[in-house]
Every structure is written in C-alpha cells, then in structure tokens.
Amino acid sequence: MTFRFLTSFLLEPISYLLLFGALLLCLVRINQELKYKVLIITLGLIFFVVAYIIFEDSDQNTHLYSLVYLLTGTGWGLYFRFLFLSKIKRVIALITVISNATYFLVVNHLLAPPLVFDSLGYVISSSGIILLIFIYFHQLLAHVKVESLSLDFDFWLVSSQLIYHLGAFGIFLTYNHFTTRYINKPFNSENQELLTYLWGVHNVLLFLAGLLTWVGALWIVYRRKSISS
C-alpha cells in the first residue's frame, strides 16, 4: 500500500468512520439529542457510499460522489436547523438544504448527469455549511453561557467542520478548474495526478476534523467524570 493510495483513497472512508465514532461517543456519553442522531445516520450513509466507490473501483461512480455532497448538505443543514435558536436562522438552514437538494435533482435528473466529478455541487454544499457555521458563531456571541466552551460538544464539532470546509472549499473550486481542463483536452496523466493529490489534501483535512471532534468528545467525557468523582 502506497502513501498516495492511503491519503487519496483509503483516508476518506477512515475519516468518515472517525467522525461517526466521535458522534456515537457523544450520543452514548454526552448528549442524546436528535441533531446528533441525524448526523450519525448521515455519516454512516456517507461512509458506506465512499467505501463502495473505493472498493468497487468503477469508472462510472460520478453519481455516487454526487450523492455524497447531497447527504453532506442535507445532514449538516438539518443539524444546524436543530442547533439554531431563532426562527430566521432555522429558515436559512432549511434554505441551504433545499438549495443543495434542488441542484442535485436538476443536474442528475432534469439535465444530463455530469461525466466527471461534480465539483460545483460540492462548492454549493460546502459554501452553505460555511454560512451556517458563521451563523452559529454569531449565535454563540449573542448568547454567552456560563459554562466553558470547551465543555460544549457543538463548539468542538462546528470548529472541526470550519477547518475542514474552509480548506475543502478552495479544493473544490480548484477541482472545478482542473476537471474542466480534463474534459476539454486530450487525456493528460499530469492533470489526473494533480486531481488525485488534491483529493488527498481534502482527505487529510477531513481526517483532522475527525481527530479534533474526538479530542473534544474525550475531553468532555474526562471533565464530567472528574467533576462527578
């Protein structure tokens, strides 16, 4: 197994499994609210889709990658809808979900499905999540709590997604440029190599988000255990 194969392919399902495990720990030891259950189902579905893409090793998998951004935009949008306190913020979260789903339906069912990776769908999904993340931080500033933020699992979770999506957003935009060149020009192994390495960077960011979520979950469990003992 090469380092390139690990980072560009295997690291993606591993990262989703890592996030799934952190959310499962939260559900068992920290909080059992519906918003976490929604994310667990979402991450579980994404893990199986991504794992299938990698181990099936088929050239006809663009529709499955499109399903990943649909699940991502829907799951995180619903999570933020449950997380937000005001009606306006909840409406905005719902709009991001509808926008993401509408784009998916139009591109994949009303128009001809994309022949290559649909990076624009990922851009729409990621930009919507980034918007919701900043709305969440605005909510934090507007409703200051006595409890330390380090004991708030949502703060750890959303912060990890901010790191991931800010970096991934740039990668998705770059991917759009290179996939366009990939279509319009004869086969170029250098372009293909570059796309593979870019996705490897994306997977590293996703893995770091999973690690940060685990750090937050373990810290909260440890602190609660220390306080109660």
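# An all-helix chain, walked through at group meeting

Hi everyone. Among contacts between residues at least 6 apart in sequence, 76% join residues at least 24 apart in this chain. Please keep in mind that we are looking at a predicted model. I'd like to start with the overall picture, then visit a few helices and residues, and you can follow along in the structure above.

So, what does the chain contain? There are seven helices and zero strands, and if you read along the sequence the pattern is α-α-α-α-α-α-α. The chain has 229 residues, and 49% of them count as buried. Its accessible surface comes to about 12000 Å², with 69% of that belonging to carbon and sulfur atoms.

Let's begin with helix α1, which covers residues 3-30. How far apart are the end C-alpha atoms of α1? They are only 36 Å apart, although α1 has 28 residues and a straight helix would reach 40 Å at 1.5 Å a residue. Now look at Leu11: α1 bends there by about 55°. A proline, Pro13, follows within four residues of that bend.

While we are on α1, have a look at Phe3, which lies in this helix. Is Phe3 buried or exposed? Its relative accessibility is 65%, so Phe3 counts as exposed; the cut-off for exposed is over 50%. Phe3 also has company, as it forms a nonpolar patch on the surface with Leu6 and Ile14. Together these three residues have about 300 Å² of accessible area.

Another phenylalanine, Phe20, is also placed in helix α1. Phe20 has a relative accessibility of 24%, and therefore counts as partly exposed. What does Phe20 touch, once we leave aside its neighbours within four places in sequence? The answer is Ile40, Leu43 and Gly44. There is also a distance you can check yourselves: the C-alpha atoms of Phe20 and Ile41 are separated by 8.6 Å, and these two are 21 residues apart along the chain.

Next, helix α3, residues 62-83. This helix has 22 residues and reaches 32 Å from its first C-alpha to its last, close to the 32 Å expected at 1.5 Å a residue. Why can we call α3 largely enclosed by the rest of the structure? Because 16 of its 22 residues are buried.

Now for the charged residues. How many salt bridges does the structure hold? It holds two. In one of them, the side chains of Lys35 and Glu33 meet at 3.5 Å, N to O. Asp154 and Lys35 also meet through their side chains in a salt bridge, here at 2.8 Å, N to O. Asp154 lies in helix α6 (residues 153-184) and Lys35 in helix α2 (residues 34-56), so this pair ties together parts that are 119 residues apart in sequence. Put the pieces together and you have Glu33, Lys35 and Asp154 linked in a network of salt bridges.

How covered are these three? Asp154 and Lys35 are both buried. For Lys35 the relative accessibility is 6%, which means that it counts as buried, since the cut-off is under 20%. Glu33, at 37% relative accessibility, counts as partly exposed.

Let's finish with two buried residues. Asn100 lies in helix α4, residues 87-110. With a relative accessible area of 1%, Asn100 is buried. Which residues is Asn100 in contact with, leaving aside its neighbours within four places in sequence? They are Tyr69, Leu70, Gly73, Thr74, Gly121, Ile124 and Ser125. Take Leu70 from that group: Asn100 and Leu70 are 30 residues apart in sequence, and their C-alpha atoms are 6.5 Å apart in space.

The other residue is Leu132, found in helix α5, residues 119-142. Leu132 counts as buried too, at 1% relative accessibility. Outside its neighbours within four places in sequence, Leu132 is in contact with Gly77, Phe80, Phe84, Ile92, Ala93 and Thr96. And if you would like one more distance to find, the C-alpha atoms of Leu132 and Val158 are separated by 9.5 Å, with their positions 26 residues apart along the chain.

That's my tour. To recap, we saw seven helices, a bend in α1 at Leu11, and a network of salt bridges that links Glu33, Lys35 and Asp154. Thanks for listening!

Technical notes. Residues numbered from 1 in each chain as written. Predicted model: local features only at pLDDT ≥ 70, side-chain atom pairs only at ≥ 80, totals over all residues. Heavy atoms only, no water. Patch = residues over 30% accessible without salt bridge, like charges linked within 9 Å, V, L, I, M, F, W, Y side chains within 5 Å. Areas by Shrake-Rupley, 256 points an atom, 1.4 Å probe, with all protein chains shown as cover. Salt bridge = Lys/Arg side-chain N within 4 Å of Asp/Glu carboxyl O. Helix = DSSP H or I, 4+ residues; strand = E, 2+ residues; numbered from the N terminus. Buried < 20%, exposed > 50% of the residue type's maximum accessible area, 1.4 Å probe, protein only. Expected span 1.5 Å × (residues − 1). Bend = angle between axes of the 7 residues up to and from the residue. Contact = heavy atoms within 4.5 Å.
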